[in-house]
Amino acid sequence: MSKTLFEKIWDAHVVSHPPNSPAVLYVDLHLVHEVTSPQAFTELRQRGIKARRPLQTIATMDHSTPTTPRGADGLIPVTDAMAVTQLKTLVDNCNEHGIPVFELGTEKQGIVHVIGPELGLTQPGMTIVCGDSHTSTHGAFGALAFGIGTSEVAHVLATQTLLQNKPLTYEIRVDGQLQEGVTAKDIILAVIANIGIGGGTGHVFEYTGSAIRSLSMEARMTICNMSIEGGARAGLIAPDETTFNYIQGRPHAPQGADWDKAVAHWRTLPSDAGATYDKQLILDADTLAPMITYGTNPGMGMSITERVPDPKQYSDNSQKMALDKALAYMDLQPGQPLLGHKVDVVFVGSCTNSRISDLRLAAEMIKGHRVADGVRMLVVPGSQTVKRQAEAEGLHKVFVEAGAEWREAGCSMCIAMNGDQLQPGQYAVSTSNRNFEGRQGRGGRTFLASPLTAVASAINGVVTDPRTLVAERAFEVTPV
Amino acid sequence: MEPLKPFSASLVPLPIENIDTDQIIPARYLKVTDKNSLAEGCFTDWRQDPNFILNNPRYQAGHILVAGHNFGCGSSREHAPWALKAYGFQAVISTYFADIFRNNSLKNGLLPIVVDAETYQALLDLAEEAPEAEVHIDLASQTVTLPNGQKASFPIDPFSKTCLLEGIDELGYLVKQMPEIEAFEASHPARVQTAG
Ligand code: SF4
């Protein structure tokens, strides 16, 4: 029988499936961070249970960590007492259970979804979970990766398994070729605008089609990252040569004969010809424009040249109320264009767009320009590894010379837990993944967009179509 | 966990779609390392608005939230059901829930009740017309009963239902699967080692 990529991974990880119960699903890799784990460790302690597979688990610090520059002692100062406690709790918990932990500012520390792939821990065919909804990122490698709650973090720590009902499948096929100035971020924002943020509920996405195949691994991660914003538990892309080339040689990648064996296995994973999905969406990459959100969820998005929609167009009352509330929060009028709208802050970062290719693209775009007066631009690398690489390439100098802030690695203004935040009423163009009310700081207003759109808007001080700058600059900005 | 008994409570209407967990409990409340202090953070930013429903004296006694579809989308934070429970909610009724929120709620005895559009509207109308009116929720028969006797059934997977009714905890259940887990591991070598 023909199987999809999802079904192959699922079937290979079912430990048992008693009748009238969810399946017991085995977890190959468990990622842990400071915010969603403390109560899980408490649960284990109360029951006298030790982590079952500490070396199939890795912990990092990212959410509540500051990204401000290091002090004279080379350390990153944490001034928030609650964050100090949370970080210390993580270290104590990991030490107690023998779980490796990357502490703040150390060589491999970074956003949980950036470090897994860059260390070669994320590999095709695996099951990967984390107490974080953007675990879907790792699906770019053809791994079944999804976010879990804290109770489930305890389940995985204790048993290396989870109780799961089998989700349905949803093929998202993107054929064709992206136009200049249009990137992976625009693809995924278009998908979500199309199906709505609840559209994928109960499903696992698989992204297919020629436009997806031609993307780099980092661009594929940007797409899978935001699967959750379309309501899906996970997003998958079948592994191929691009995937294998990315993984080969990374610290945790298989080596020698193990490598050949692994690749041979990975080649069996893509969905079989004739495999069917429960749902399907088809998009044409050629017709996509840069996307931007106008509202307070990632589904409230449009082409950058369009105008803010009118709540009156909805007959459904709860839809109308949601858009009314969103426009009031954003202080936008129906029918208003976003192009030319003032911008106070530009944030380049987050597990969606903080990898080296994102930073290269942003640097290429801003080179020779300056951040407009009155605009604050933050560039926050996704990990210490990304930061070192960017500095080796001199990208940090480009940003600093242009008037942007160059930061330490972490989630930063994506979630505004660490002091990096918008002030009430400010507008930001952000490369992150969520524009929920208050997400980037209480009263702050977020336009989600690609790194190109974010940088173009920083340069002009207003929301800007990056294609105007790309054309004018006459260099080729390689889309990621 | 305590077994979940049938209960009656009045409603709080919040008919907005796609309410995300950042609204239910903003990130700045996530630095706690326990669960108990979250009531204060529940919908805290929306509560700044004096017209917000939770500030309306008519709905102070409500323990069942009736919310627009896709309630609980966004972040996987289990702090969302913890905060709703700490605030005093026993159930949330919607036309559908975001996956992770629904899972997290079931694990904490906060019932996520999915009803059809017609029942949803009837509940909103009831909340609007008679805020003090109570509906009865019975998990065993999977029914919501309105004061006029109108009944609606709601779906729940049999496993979660048993766990909730009998107070079975899922971690205990999984630990009992250890022989199967060990057998699986014997034929499924670890894919990666994070150290060493
Ligand atoms: S960068 Fe943002 S979305 Fe990603 S893990 Fe951090 S807080 Fe979550």
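**Reading strands, loops and burial in chains A and B**

Mentor: Let's start with one pair of residues: A:T60 has A:F102 as its bridge partner in β5(A). Keep in mind as we go that this is a predicted model.

Trainee: Okay. In which sense do strand β4 and β5(A) pair, parallel or antiparallel?

Mentor: General idea to begin with: strands of a sheet pair through backbone hydrogen bonds, and the pairing can be parallel or antiparallel. Here, β4 (residues 57–60) of chain A pairs with β5(A) over 2 bridges in the parallel sense. On to another partner of β4(A): strand β3 (residues 29–33) of chain A runs parallel to β4(A) and is joined to it by 4 bridges. A:V32 has A:A59 in β4(A) as its bridge partner.

Trainee: So what is the order of the strands in the open sheet?

Mentor: It reads β5-β4-β3-β6-β7 in chain A, 5 strands with parallel pairing. At the edges sit β5 (101–102) and β7 (144–147) of chain A, each pairing on one side only.

Trainee: How should I read the two faces of a strand? What covers the picture for β4(A), buried residues on one side or on both?

Mentor: In a regular strand, side chains alternate between the two faces of the sheet. For β4(A), both faces are covered: A:T57 and A:A59 are buried on one side, and A:I58 and A:T60 are buried on the other. Strand β2 (residues 23–26) of chain A reads the same way in its own right: A:A23 and A:L25 lie on one side, A:V24 and A:Y26 on the other, and all are buried.

Trainee: Let's stay with β2(A). Which residue stands opposite A:L25 when I look from strand β1?

Mentor: A:V14 does. Strand β1 (residues 14–16) of chain A runs antiparallel to β2(A), with 2 bridges between them. β2(A) also pairs with strand β8 (residues 161–164) of chain A, again in the antiparallel sense, over 4 bridges. There, A:L25 has A:L162 as its bridge partner.

Trainee: And the hairpin of β1(A) and β2(A): which residue takes a positive phi?

Mentor: As background, most residues other than glycine have a negative phi. The hairpin has 6 residues between its strands, and A:N20 takes a positive phi near 60 degrees. You can find another case after helix α5(A), where A:Q160 follows with a positive phi, near 60 degrees.

Trainee: What about phi in chain B? Is B:N18 positive or negative?

Mentor: B:N18 is not a glycine, yet its phi is positive, about 55 degrees. Look for B:N18 in the loop between β1 (7–14) and α1 (21–24) of chain B. B:N18 is buried, at a relative accessible area of 11%. B:Q142 is another such residue, not a glycine and with a positive phi near 55 degrees. B:Q142 sits in the loop between β5 (134–138) and β6 (143–145) of chain B. With a relative accessible area of 18%, B:Q142 is buried, because the cut-off for that label is under 20%.

Trainee: Back to helix α5 for a moment. How many of its residues are buried?

Mentor: Residues three or four places apart in an α-helix point the same way, because there are 3.6 residues a turn. That makes it worth checking every side of a helix. For α5 (residues 150–159) of chain A, 10 of its 10 residues are buried. Among them are A:E152, A:H155 and A:T159.

Trainee: Which residues is B:V192 in contact with, beyond its neighbours within four places in sequence?

Mentor: The contacts are A:L29, A:L55, A:Q56, A:L121, A:Q123, A:M126 and A:H252. B:V192 belongs to the segment after α7 (178–186) of chain B. At 3% relative accessibility, B:V192 counts as buried.

Trainee: Last one, for the whole of chain A. How many helices and strands are there?

Mentor: Chain A has 16 helices and 19 strands. Its radius of gyration is 22 Å, close to the 23 Å from the globule rule for 480 residues, so chain A is as compact as a globular protein of that length. Its C-alpha atoms fill a box of roughly 60 × 55 × 50 Å along the principal axes. As for burial, 67% of the 480 residues count as buried. Of the contacts in chain A with a separation of 6 or more, 76% come from residues 24 or more positions apart. Carbon and sulfur atoms hold 50% of an accessible surface of about 15400 Å². On charge, chain A has 40 positive and 49 negative side chains, with the centres of the two sets 3 Å apart.

Methods: Residues are numbered from 1 along each chain as its sequence is written. Chains are lettered from A and ligands numbered from 1 in the order in which they are written. This is a predicted model: local features need pLDDT of at least 70, side-chain atom pairs count only at pLDDT 80 or more; totals for chains, interfaces and linings use all residues. Side-chain values use heavy atoms; hydrogens and water are left out. Buried means under 20% relative accessible area, exposed over 50%, partly exposed in between (1.4 Å probe, protein chains only). Two strands pair if DSSP finds at least two bridges between them. The radius of gyration is taken over C-alpha atoms; the globule rule is 2.2 Å times the number of residues to the power 0.38. Contact means heavy atoms within 4.5 Å. Accessible areas come from the Shrake-Rupley method with a 1.4 Å probe; for residues, only the protein chains shown count as cover. Lys and Arg count as positive and Asp and Glu as negative; His and the chain ends are not counted. The place of a charge is taken as NZ of Lys, CZ of Arg, CG of Asp or CD of Glu.
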